[in-house]
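User: Could you take a close look at the ligand site for me? I would like one connected account.

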Amino acid sequence: MTSRWCLLSTLLLCAPALARAEDAAALWDKSCKNCHGPDGRAQTRMGQKESIPDMSRAAWQKAESDTELRDVIANGSPHNPKMKAYKDRLTPEQLDALVRYIRTFKAKE
Ligand code: HEC
């Protein structure tokens with residue numbers, strides 16, 4: 001019983017620290033995909049309902065700076081409470097990794 005609790009709390013405490021930049025894809029799948037879609041195009045129920053921008057659009061990629069993206073992920077969107085602040089759940093490295101990952105969604109033209 002006690003050892004189970006230990007294992008569980010160790011997992012919960014260490015999970016964010018263990019995640020590396022290369023795990024950005026896994027992080028995206030776990031925490032972001034439900035709303036933003038596997039490819040950032042937000043073709044999801046939440047995406048439609050909340051008009052989440054299509055992150056694959058070149059114009060969107062150009063308009064958003066890394067700093068702006070990081071800020072929304074860290075602090076949530078000032079325009080829509082559905083986009084929550086992740087700064088207490090993710091490390092600074094994970095925030096950076098997610099910004100880089102979002103850049104990979106840019107559609108080839
Ligand atoms: C519960 C649904 C939901 C989840 C989960 C979610 N988001 Fe969002 N996200 C939104 C919505 C809705 C918006 C649009 C906010 C707005 O209109 O300003 C948004 C906006 C964003 C934006 C800014 C887009 C822009 O054009 O300014 C970024 C970047 C972003 N999300 C990244 C993430 C990342 C990274 C994750 C996972 C760690 C994540 N989101 C998880 C719903 C979600």
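Analyst: Happy to; here is the ligand site, starting from the metal.

This is a predicted model, where local features need pLDDT of at least 70 and side-chain atom pairs count only at pLDDT 80 or more, while totals for chains, interfaces and linings use all residues. Residues are numbered from 1 along each chain as its sequence is written, and side-chain values use heavy atoms, with hydrogens and water left out.

The iron atom of the ligand has H36 (NE2) and M83 (SD) as its protein donors, 2.0 to 2.1 Å away (donors are N, O and S atoms within 2.8 Å of the metal, or 3.2 Å for Na, K and Ca). The 6 donor atoms around the iron subtend angles of 89 to 179°, so the arrangement is octahedral (six donors with opposite ones over 155 degrees apart and all others between 65 and 115). H36 belongs to helix α3 and M83 to the loop between α6 and α7, so this pair, 47 residues apart, links distant parts of the chain (helices are DSSP runs of H or I, at least four residues, numbered from the N terminus).

Around the ligand there are 23 residues, the closest being C32, C35, H36, S77 and M83 (near means a heavy atom within 4 Å). Helix α6 gives the most to this shell, with 3 residues.

Polar side chains also reach the ligand. S77 has a side-chain N or O atom 2.6 Å from a ligand oxygen, and a polar side-chain atom of W60 is 2.8 Å from a ligand oxygen (polar contacts are pairs of N or O atoms within 3.5 Å).

Key:
A polar contact is a pair of N or O atoms within 3.5 Å; within protein, one must be able to donate a hydrogen and the other to accept it, and residues adjacent in sequence count only if both atoms are side-chain atoms. Helices (H or I, at least four residues) and strands (E, at least two) are DSSP runs, numbered from the N terminus. Four donors count as tetrahedral if all angles lie between 85 and 135 degrees; four count as square planar and six as octahedral if opposite donors are over 155 degrees apart and all others between 65 and 115; anything else is irregular.
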